[in-house]
Amino acid sequence: MQTEFFDIIPVSVIDIAPQQKRQKQKDNNNFHYKKSSRDSYSPFPDEVSNLCFQYFLKDSINIFDCFAGWGDRSLKAKEWNKNYIGYDSSEESIRIANEKGCKNILANSLTAEIPNHDGLITCPPYWNLEKYKGNGIDKEKTWDNFKSQYKKILNRCWSKAEINSTYCILVGEWRKNHIFYDLEYETRKIFKELGATFFDQIIISRKKISKIKVMLPQAKRLGYSVRVHETLLIYKKMESI
């Protein structure tokens, strides 16, 4: 009996390898950019992209990405023979993506026309955690304003999603200046209001690459945990009954 090849095993927790190991081959091909429009470049993990395209988006044909970034997901979509359209409001992000061979589009998902699609893969900006060049929602002055604009974008995307579409969204929660920002919770709340079917979730463990020893003393002193994971949320748009 022939055994199916599993590029990524679909388990509930995935450990991400240290970035320097994952990036070695990409560095040789000039895919990695040490200089970017934010303080440190954090590419979308290959492990997560492969998981999405091999399992959750395997039946999707037309993929949309409302926060396309530097083209990591665009390249993976091409590898998996998917039609991909990615919008980003940062000219520098578009330039870097284009240098990799990606044809991402300079467009703001708040105002540009959203294409019809049957799949979505994205990672939203984490508001004040990282800063990008451009006029994206990371520039909003308050957390409430950011959440409002983020909700508008997801609502606009969902309105153009076909029945049986699958959405893969990588989100995380973080602290800055001792304030906890619950983006995962906000994302869950938005999709619940949209009537989406919650299909699956995968914990993306970054404990191997997070600077736990550096962060631990402050966490112990202040009495909270060190954030070392993100969550891949999977939703489906089912026909209303």
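**Exercises on a pocket and on ring contacts**

In this predicted model, the second largest pocket has a volume of about 150 Å³.

**Exercise 1.** Determine which elements give two or more residues to the lining of the second largest pocket, and how the lining residues divide by character.

*Solution.* The lining includes S74, L75, K78, Y84 and C102. The elements that contribute two or more residues to this lining are α3 (72-79) and β3 (83-88), and α3 provides the largest share, with four residues. By character, the lining residues fall into four nonpolar, four polar and three charged.

**Exercise 2.** Classify the aromatic pair formed by F56 and F199, and state whether each residue is buried or partly exposed.

*Solution.* The model holds 17 aromatic pairs. For F56 and F199, the centres lie 6.5 Å apart and the planes stand at 85°; because planes over 60 degrees apart count as edge-to-face, the pair is edge-to-face. The two residues, 143 apart along the chain, connect helix α2 with strand β9. F56 has 10% relative accessibility and is therefore buried, whereas F199, at 46%, is partly exposed.

**Exercise 3.** Classify the pair formed by F198 and Y235, then find which charged residue sits over the ring of F199.

*Solution.* The ring centres of F198 and Y235 are 5.1 Å apart with their planes at 25°, so this pair is stacked. It links strand β9 to strand β10, across 37 residues. F198 is partly exposed at 40% relative accessibility, while Y235 is buried at 3%. Over the ring of F199 sits the charged end of K236, 4.8 Å from the ring centre.

How values were computed:
Residues numbered from 1 in each chain as written. Predicted model: local features only at pLDDT ≥ 70, side-chain atom pairs only at ≥ 80, totals over all residues. Heavy atoms only, no water. 1 Å grid on protein atoms, 1.4 Å probe; cavity = no way out; pocket = protein on both sides within 12 Å on 5 of 7 lines; lining within 4 Å. Points joined across faces, edges and corners; volume = space filled by probe spheres on them. Nonpolar A, V, L, I, M, F, W, Y, C, P; charged D, E, K, R; others polar. Phe/Tyr/Trp six-rings, centres within 6.5 Å; stacked < 30°, edge-to-face > 60°. Buried < 20%, exposed > 50% of the residue type's maximum accessible area, 1.4 Å probe, protein only. Lys NZ or Arg CZ within 6 Å of the ring centre and 35° of its normal.
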